[in-house]
Amino acid sequence: MFEEYSDMLTVDEVAEILGVGKNSAYEIFRSGEMDCFMLKGKWKIPKQALIDYIHKKAYQK
């Protein structure tokens, strides 16, 4: 899944994949719903964290 992306995603890539704006992506990061972190003032999102987030949301009732 998402082979065209590197193992560490950018905010723009996550927003594109989820089909949301950057502000919505930032809200997800700050909420703690997705395992990601800040490094030197930039969000770092492991690709597996995005995949886990999508699976969690897809099967959430």
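Select isoleucine 45 to start. Ignore its neighbours within four places in sequence, and isoleucine 45 is in contact with Asp7, Met8, Leu9, Thr10, Val11, Val14, Phe29, Met34 and Cys36. Keep in mind that this is a predicted model.

Next, show the largest nonpolar core. It has 17 residues, and Ile45 is among the four that touch the most other members. The others in that group are Val14, Phe29 and Met34. Where does this core come from? α1, α2, β3 and α3 each supply at least two of its residues. α3 gives the most, with four.

Now move to helix α1, residues 11-18. Which of its residues are buried? Colour Val11, Val14 and Ala15. Look along the axis of α1: these residues cover an arc of only 100 degrees, so they sit on the same side of the helix. Then turn on what covers them. The cover includes β1 (8-9), α2 (22-31), β3 (42-46) and α3 (47-58).

Step past the end of α1. Glycine 19 follows the helix, and its phi is positive, near 70 degrees.

Go on to methionine 8, in strand β1. Is this residue buried, partly exposed or exposed? Methionine 8 counts as partly exposed because its relative accessibility is 37%, which falls between the 20% limit for buried and the 50% limit for exposed.

Last stop: the surface. Select Met8 together with Phe37 and Leu39. The three form a nonpolar patch there, with about 270 Å² of accessible area together. Finally, switch Ile45 back on beside Met8, since you have already met this pair: Ile45 is in contact with Met8.

Note on methods:
Residues numbered from 1 in each chain as written. Predicted model: local features only at pLDDT ≥ 70, side-chain atom pairs only at ≥ 80, totals over all residues. Heavy atoms only, no water. Buried < 20%, exposed > 50% of the residue type's maximum accessible area, 1.4 Å probe, protein only. Arc of directions from axis to C-beta. Contact = heavy atoms within 4.5 Å. Patch = residues over 30% accessible without salt bridge, like charges linked within 9 Å, V, L, I, M, F, W, Y side chains within 5 Å. Areas by Shrake-Rupley, 256 points an atom, 1.4 Å probe, with all protein chains shown as cover. Salt bridge = Lys/Arg side-chain N within 4 Å of Asp/Glu carboxyl O. Core = buried A, V, L, I, M, F, W, Y, C linked by side-chain atoms within 4.5 Å.
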